[in-house]
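Student: Could you teach me how to read a protein structure, feature by feature?
Tutor: Gladly! Let's open it and take one feature at a time.

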Amino acid sequence: AAWLGRLLARIHNVGALARFEHRQNLDVENLVLAPMRSALGSALLPANLGDRYRTRVHAAAAAIGQVMAAIAPTRLRLHGDCHPGNVLWTDSGPHFVDLDDARSGPAVQDLWMLFSGDPHQREALLEGYETFRPFDRRELALIPALRLMRQIHYAGWIAERWSDPAFPQAFGHVASPVWWQQHLDDIGAQVEALEDAEQ
């Protein structure tokens, strides 16, 4: 974990030297509202859930926006999709792959998906990171909002690409009304949690 943290800090040190010219920002427009529009324009989302979906996602956008504004994190160039599946280990250490989602955002975006749930592992990752770069630990409070953004983006990402024959094969479960109902319930529960945390 510490090794991963050190490598990420070094990547972020480079990422902080300049700005992306042609990549998106990690923000409500790109990861919440645009995916919502993709889902609403898709036959995947059951018609009878459309209004509820729109209402829930707008509530999510407002709650996420409040959290982001309260913490106002520094933005830098990120890998953007740092989960364990995008880390390859060799004898020389970890290597990050799949830069398709590289974008500008807070440093914690490249850390939170690597947290295993073990507080010792999380601390080792952060301490490794802090060996080469300071980390504003207030950003840890962004994780519930980032998780919700990722879930909404996931649904829109699939809806946008559903015409690709590979997607119905790989994500057939998303064509089920039950999946969308559960997605709506998850959004609602997470919005409530964000709003409660703000009070």
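Student: How many salt bridges are there?
Tutor: Keep in mind that this model is predicted. To count a salt bridge, look for a side-chain nitrogen of Lys or Arg within 4 Å of a carboxyl oxygen of Asp or Glu. That search gives eight salt bridges here.

Student: Which residue forms a salt bridge with R138?
Tutor: The partner of R138 is D136, and their closest N and O atoms are 2.7 Å apart. Now check the surroundings of each partner. R138 is exposed, at 55% relative accessibility, while D136 is partly exposed, at 32%.

Student: Where do I draw the line between those words?
Tutor: Under 20% relative accessible area is buried, over 50% is exposed, and partly exposed lies in between. Try this on another pair: R137 and E130 meet through their side chains in a salt bridge of 3.0 Å, N to O. R137 has a relative accessible area of 32%, so this residue is partly exposed. E130 is also at 32% and counts as partly exposed.

Student: Which residues are linked in a network of salt bridges?
Tutor: The network links E123, E130 and R137. So when you find one bridge, it pays to look at what else its partners touch, as with the R137 and E130 pair.

Student: Is R103 buried or exposed?
Tutor: R103 is buried, with 6% relative accessibility. Its side chain meets that of D101 in a salt bridge of 3.8 Å, N to O. D101 is partly exposed, at 25%. Remember these two names, please!

Student: What should I look at in a pocket?
Tutor: Start with the general idea. Rolling a probe the size of a water molecule over the atoms shows where empty space is left. In this structure, the largest pocket has a volume of about 600 Å³. Its lining is made of 25 residues, and those nearest its centre are D101, R103, H153, W157 and R161. There are the two salt-bridge partners again, D101 and R103.

Student: Which elements give two or more residues to the lining of the largest pocket?
Tutor: Those elements are α2 and α5. The most comes from α5, which gives eight residues.

Student: Which residues of helix α2 are buried?
Tutor: Helix α2 covers residues 28-40, and its buried residues are V28, N30, L31, V32, L33, P35, M36, S38 and A39. The next step is to ask what they pack against. For α2, the buried residues pack against α3 (50-71), β4 (103-105), α5 (143-160) and α7 (177-198).

Student: How many aromatic pairs does a search of the whole structure find?
Tutor: The search finds nine aromatic pairs. One of them is Y53 with W180, an edge-to-face pair with 5.8 Å from centre to centre and 80° between the planes. Y53 belongs to helix α3 and W180 to helix α7, so this pair ties together parts that are 127 residues apart in sequence. Both rings belong to buried residues: Y53 has a relative accessible area of 0%, and W180 is at 0% too.

Student: Could you show me another pair?
Tutor: Of course. Y154 and W179 form a tilted pair, 6.3 Å centre to centre with 50° between the planes. Y154 sits in helix α5 and W179 in helix α7, so the pair ties together parts 25 residues apart in sequence. Y154 is partly exposed, at 31%, whereas W179 is buried, at 19%.

Student: Which residues form one aromatic cluster?
Tutor: The cluster is formed by Y53, Y154, W157, F167, F171, W179 and W180. You have met W157 already, among the residues nearest the centre of the largest pocket.

Student: What sits over the ring of F20?
Tutor: The charged end of R77 does, 5.8 Å from the ring's centre. In another case, the charged end of R122 sits over the ring of F115, 5.8 Å from its centre.

Student: Where is A18 placed?
Tutor: A18 is in the loop between α1 (2-15) and α2. At 39% relative accessibility, A18 is partly exposed. Here is a last reading tip: compare sequence with space. A18 and R77 are 59 residues apart along the chain, and their C-alpha atoms are separated by 7.8 Å.

Methods:
Residues numbered from 1 in each chain as written. Predicted model: local features only at pLDDT ≥ 70, side-chain atom pairs only at ≥ 80, totals over all residues. Heavy atoms only, no water. Buried < 20%, exposed > 50% of the residue type's maximum accessible area, 1.4 Å probe, protein only. Helix = DSSP H or I, 4+ residues; strand = E, 2+ residues; numbered from the N terminus. Contact = heavy atoms within 4.5 Å. Phe/Tyr/Trp six-rings, centres within 6.5 Å; stacked < 30°, edge-to-face > 60°. Lys NZ or Arg CZ within 6 Å of the ring centre and 35° of its normal. 1 Å grid on protein atoms, 1.4 Å probe; cavity = no way out; pocket = protein on both sides within 12 Å on 5 of 7 lines; lining within 4 Å. Points joined across faces, edges and corners; volume = space filled by probe spheres on them.
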